[in-house]
Amino acid sequence: MEHITLLLAIVVVTALVFDFTNGFHDTANAMATTISTGALKPKTAVAMSAVLNLIGAFLSVEVAKTISGGIVNEDGIRTEVIFAALVGAILWNLLTWLLGLPSSSSHALFGGLIGAAVMSAGWSSINGGTVVTKVLLPAIAAPLVAGIAAMLATRLTYRINRNVTDEGQLKSTAKGYRAGQIASAGLVSLAHGTNDAQKTMGIITLALVTSGVLAPGSNPPMWVIVSAGVAIALGTYLGGWRIIRTMGKGLTDLQPPQGFAAQTSAATVILASSHLGFSLSTTQSCSGAVMGAGLGRKGGVVRWSTATRMFVAWGLTLPAAGLVGAGAEFLTKQGPWGIAVTAVILVGGSFAIWVASRRQPVDHTNVNDTGDDEPQGVVTTAMAAVQPPPAGGPAADLSTTIPAPASAPDDPARPPAKV
């Protein structure tokens, strides 16, 4: 019993570490567009997001119940399985953070849990129907719905303001959109806390059930809700600056009306799914909304090279985290020494990724610097080639404009007019 108690404590701490990585990995979901458009200063934005993430953690437990009693069968699942699942999720979160890819922390958790459960008890331990209806289908639908909504909202916004030409009105409109962007960013942060903090609550509750501390089907205890909310808030305040750069500047260049449309669309999708118990990826919802807003503005383009790398990361998240989770579970099945080796791998891998990140640090001082290392890609280059130059000024690469000579109608140098 003492061994189980110690292992349970390790699992709870590891789950809170995952919650912490989830916070800084997903800060970009709420605040990337707000930071990139200048609506809020970077440190102010992440502080605001952290507070609202904490508040959102107390609003619902529907997603937590989906994880603790829906994806895997609680009977026959050992506490070691939860530990192995968290190892897979944390390492994948840190790797994608290092690469600046806004992958799904949720799917990393699900993949690690599925891989560890299959290694422990076989495929019968997985509730396939729940995985399809509450994980896979929302993963496909969420970015599409958020993207289409953001694109339509952006087009509507620009259509409404197309006749605004007065300089004072333009400044007033821009200020209003920045205020709306701050409000919508707060709504996304609240939604993120409501949806993502619950995933850690569900994992800890599942560990408590497998250890016999709670009865199957129990709701998360209050101390679980509080600790999960605090952990994700601290991670959010730390700020995942690498992913904020990708979301705010790497995918597309956003103006305040686009940022407002993207965040409002994403928040609506996330809050609706949380109410229904769908454990969707807030990252995918927000990324889809950002791309939709980029395409919704006339002349706006999406950097498809960045988007393609992001799509690949989305597709790899479930199987990659699942494989790591399965490997970790294979070790933990060997007994105490296997658990110790798994813990060493987790700590060593996390430290190595952190050291690698220090080679090219990204923080609040350079988060909006895009650099020249990101190619635009074939599609974006082609779209930019047919885009007309902006009106109102000479081309940047022309130093002198040569006017056409005025000539009389009978000038012999002028070609005769065609009749």
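This note goes through three places in the predicted model, two in helices with no exposed surface to speak of and one on the surface.

1. On the basis of the note: the model is predicted, so that local features need pLDDT of at least 70 and side-chain atom pairs count only at pLDDT 80 or more, while totals for chains, interfaces and linings use all residues. Residues are numbered from 1 along each chain as its sequence is written, and side-chain values use heavy atoms, with hydrogens and water left out.

2. On alanine 117: this residue lies in helix α6 (residues 105-121), helices being DSSP runs of H or I with at least four residues, numbered from the N terminus. Alanine 117 is buried, at a relative accessible area of 0% (buried is under 20%, exposed over 50%, partly exposed in between, with a 1.4 Å probe and protein chains only). Beyond its neighbours within four places in sequence, alanine 117 is in contact with Val72, Ile77, Val81, Gly122, Ser125 and Ile126, contact meaning heavy atoms within 4.5 Å. The C-alpha atoms of alanine 117 and alanine 326 are 7.6 Å apart, although 209 residues separate the two along the chain.

3. On asparagine 22: helix α1 (residues 2-25) holds this residue, which counts as buried because its relative accessibility is 0%. Apart from neighbours within four places in sequence, its contacts are Asn93, Ser105, His192, Asp196 and Ile232.

4. On valine 226: this residue belongs to helix α9 (residues 222-238) and is partly exposed, since its relative accessible area is 34%.

Methods. Helix = DSSP H or I, 4+ residues; strand = E, 2+ residues; numbered from the N terminus.
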